[in-house]
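Subject: Structure for your review

Dear colleague,

I am passing on the structure we spoke about, and I would be glad if you could keep it open while you read the notes underneath.

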Amino acid sequence: MARWVEPMGLLHGRGAFAAVAAGAALPLEGGSAAFTLVRLIEDGRAAGLMPAVETPEDWQEAVLALTRPPRPFAGLPDTASLGRPLVMGVLNVTPDSFSDGGKHFDPRAALMAADAMLTAGADMIDVGGESTRPGALPVDAETEMARVLPVIRAIARDAPVSVDTRHAATMRAALEAGAEVVNDVTALRHDPEALAVAAEAGCSVVLMHMPGTEPATMQEHAQYADVTLEVTEFLAGRIAACEAAGIPRERIAVDPGIGFGKTMEHNLELLDRLPILLGLGCPILVGASRKRFIGTLSGVKAPADRMAGSLGVAVSAATRGAAMLRVHDVAETVAALRLWRASVAGVPQS
């Protein structure tokens, strides 16, 4: 029997603190947000919508789990002490990235970009050597390693690095080169050795939802009865697979896979209902930066020009429980988060 609790009626800042103090709401992840309502979902069906403080006894543990602060991820500062989500800078060492068209394919350009992102406030750099845009052709592990390993070695001397890859051989080599996190768009399903590599290395992992294991065909499978529940249940299954393989939950983050086998409507629903993923007990990473649906809604055709829309989505995700944001525009995202935190807390943020 699958049970999920969806926090609703979110409040922030002074309103949240006042509602919690009055016994009218519960704190979301122990932070400056609170939820006044919960939707109880059992076996895919709504079992009731009610005040969060009046949950039936047999649901109370699941509700209280949503009030606990998130665990630190990959040795990085916890989001509660930061007062904002972690910022993961995107570094595509590819000739055909949808977002920058190969701007950082040259290792020297990639390292300059990484340095600029770290200076701007990135908490981690996510290095990828295979484009996963819709319709992209696959890249073999040897080609991918040749692209990413020199860059990872250089960055890892000074900053945390994650490797964005589906290939176990690349995972192993990148971890040996200094990467600390494996970020796999297939949630460690594409390569049968991936689970074992991550477990043996003792690294942290990001599990993303994508229908199938091939980015080239993922949009053909963008069909869901309830996209949020199906994504949540998929991720729950992948967490269980990781735990069975020896990867503990405290080393796992989850990503709903915005834009990966999703329509614009699916993306918007996932962002709106993001708090339900908190029930998985893992930090949530949201990677929506420069995605096609942002261009559609904002009327901006070129991905590199979608910064304004990307910032809007980033702040929205931050208000709904995201612990990490994977972004291209680091300086602007950090500034937007600083202003958001100041607006809800009433004090400047460092």
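What follows is an account of some helices and loops in this structure.

Please keep in mind throughout that this is a predicted model.

I begin with helix 5, which spans residues 141-156 and whose axis comes within 10 Å of the axis of helix 4 (residues 107-120), the two crossing at roughly 30°. The crossing of these two helices is right-handed. On the side of helix 4 the contact is made by Pro107, Ala110, Leu111 and Ala114, while helix 5 contributes Val151, Ala154 and Ile155. Sorted by class, this contact has seven nonpolar residues, with no polar and no charged ones.

Helix 5 is also bent, by about 35° at Val148, and a proline, Pro150, follows within four residues of that position. At its N-terminal end helix 5 is capped by Asp140, a side-chain oxygen of which lies 3.1 Å from the backbone nitrogen of Glu142. The buried residues of helix 5 are Ala141, Glu144, Met145, Arg147, Val148, Leu149, Val151, Ile152, Ala154 and Ile155, a list in which you will find Glu144 and Arg147 alongside residues such as Leu149 and Ile152. Besides helix 4, these buried residues pack against strand 5 (86-92), strand 6 (124-128), strand 7 (161-164) and helix 6 (168-176).

Two acidic residues in loops may deserve your attention when you look at side chains. The loop between strand 6 and helix 5 holds Glu130, which counts as buried because its relative accessibility is 6%, under the 20% cut-off. A polar atom of the Glu130 side chain lies 2.8 Å from the backbone nitrogen of Val139. Neighbours within four places in sequence aside, Glu130 is in contact with Thr94, Pro138, Val139, Glu144, Arg166 and His167, and Glu144 is itself one of the buried residues of helix 5.

The other is Asp123, which lies in the loop between helix 4 and strand 6. With a relative accessible area of 14%, Asp123 is buried as well, and its side chain reaches the backbone nitrogen of Val87 at 2.7 Å. If residues up to four places away in sequence are not counted, Asp123 touches Leu76, Arg84, Pro85, Leu86, Val87 and Pro160.

Further along the chain is helix 7 (residues 194-201), whose buried residues are Ala194, Leu195, Val197, Ala198 and Ala199. These pack against helix 6, strand 9 (204-208) and helix 8 (227-245). Just after helix 7 comes Gly202, which takes a positive phi of about 70°.

Positive phi values also occur at residues that are not glycine, and I list two of them here for your own backbone checks. Leu188, found in the loop between strand 8 (181-184) and helix 7, has a phi near 60°, and this residue counts as buried because its relative accessibility is 3%. Asp43, in the loop between strand 3 (33-42) and strand 4 (45-51), has a positive phi of about 50° although it is not a glycine.

With best regards

Notes
Residues are numbered from 1 along each chain as its sequence is written. This is a predicted model: local features need pLDDT of at least 70, side-chain atom pairs count only at pLDDT 80 or more; totals for chains, interfaces and linings use all residues. Side-chain values use heavy atoms; hydrogens and water are left out. Axes are lines fitted to C-alpha atoms, for helices over the stretch in contact, and angles run from 0 to 180 degrees between N-to-C directions. A crossing is left-handed if the near helix is turned anticlockwise from the far one by less than a right angle, and right-handed if clockwise. Contact means heavy atoms within 4.5 Å. Ala, Val, Leu, Ile, Met, Phe, Trp, Tyr, Cys and Pro count as nonpolar, Asp, Glu, Lys and Arg as charged, and the others, Gly among them, as polar. The bend at a residue is the angle between axes fitted to the seven residues ending there and the seven starting there. Buried means under 20% relative accessible area, exposed over 50%, partly exposed in between (1.4 Å probe, protein chains only). A polar contact is a pair of N or O atoms within 3.5 Å; within protein, one must be able to donate a hydrogen and the other to accept it, and residues adjacent in sequence count only if both atoms are side-chain atoms.
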